[in-house]
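This briefing is intended for a first-year student who is learning to read a protein model. Please look at the sequence and the structure before reading on.

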Amino acid sequence: MAESRNLASKEAKNLLNLLELNEMDDDDIVDISAEDQAFVATCLLLFLLERKPKTESFLYQFGDAREIALATRPGMAPFLVIGGTCQNSQPHETSVVAENHVVFKHLGLLDAVESMMLLYYVCTLEYPKECFNTFLFLQRQVLKVYDTQKIPTKVLVLMSDIDKM
């Protein structure tokens, strides 16, 4: 358990380092595209909103979509597969995997997140408890889909902070 927590913490630090590259002096600036920034922000949501983020996420995994789809346990909720690794990611190769199949292949991370969330909505699937706050945030803040679900405090605080920006 502690090892899993350390790996998750290391992954979060790697993602934050990608953003810090964008905030260097003008001479050393390495521009990060909007797509890459969206990728980092999406991956960091778990670390902001969930109590015990894990490296094997119910929101996303890194690797080859077909291999991961075949290796997932039957009945696992839909999730994203981002091409590459955390250090060498290819967010333009993002897929949605469900029931041991690649359901959608997308050119961009944001389209894949939207498709995954709509799949949950259309199929009336419950969000996995491991990333419930993250999915609820995406549903409310990004997709603007409202229901009678009680919103946890962590999600409310993040939504409020974003609205103040």
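The points below treat the sheet, the helices that lie across it, a covered helix and a group of aromatic rings.

The model is predicted. It contains an open sheet of 4 strands, and helices H2 and H4 each lie across three of these strands. Helix H5 is mostly covered, and one of its residues, Phe135, forms an aromatic pair with Tyr120 of helix H4.

**The sheet**

- The strands of the open sheet follow the order E1-E2-E3-E4, and their pairing is mixed.
- Strand E1 (60–62) and strand E4 (101–106) form the edges, since each of them pairs on one side only.
- On average, neighbouring strands of this sheet are turned by 30 degrees against each other, with direction ignored.
- Strands of a sheet pair through backbone hydrogen bonds, in either a parallel or an antiparallel manner.
- The antiparallel sense applies to strand E2 (residues 79–84) and strand E3 (residues 89–98), which pair over 6 bridges.
- Ile82 has Thr94 as its bridge partner in E3.

**Helices across the sheet**

- Helix H2 (residues 34–49) lies across E1, E2 and E3, and runs at about 120 degrees to E1.
- Helix H4 lies across E2, E3 and E4, and its direction is at about 15 degrees to E3.

**The covered helix H5**

- How many of the 11 residues of H5 are buried? The number is 9, and H5 is accordingly described as mostly covered.
- The buried residues of H5 are Asn133, Thr134, Phe135, Leu136, Phe137, Leu138, Gln139, Arg140 and Gln141.
- The elements that cover these buried residues include H2, H4 and helix H6 (153–164).
- Just after H5, Lys144 takes a positive phi of about 60 degrees.

**Aromatic rings**

- The count of aromatic pairs in the model is 5.
- In one of them, the ring centres of Tyr120 and Phe135 are 4.9 Å apart and the ring planes stand at 80 degrees; an angle over 60 counts as edge-to-face, so this pair is edge-to-face.
- Tyr120 belongs to helix H4 (residues 109–122) and Phe135 to helix H5 (residues 132–142), so the pair ties together parts that are 15 residues apart in sequence.
- Are these two residues, Tyr120 and Phe135, buried or exposed? Both Tyr120 and Phe135 are buried.
- Ring pairs also join Tyr120, Tyr127, Phe132 and Phe135 into a cluster.

Note on methods. Residues numbered from 1 in each chain as written. Predicted model: local features only at pLDDT ≥ 70, side-chain atom pairs only at ≥ 80, totals over all residues. Heavy atoms only, no water. Phe/Tyr/Trp six-rings, centres within 6.5 Å; stacked < 30°, edge-to-face > 60°. Helix = DSSP H or I, 4+ residues; strand = E, 2+ residues; numbered from the N terminus. Buried < 20%, exposed > 50% of the residue type's maximum accessible area, 1.4 Å probe, protein only. Pairing = 2+ DSSP bridges. Axes fitted to C-alpha atoms, helices over the stretch in contact; angles between N-to-C directions. Contact = heavy atoms within 4.5 Å.
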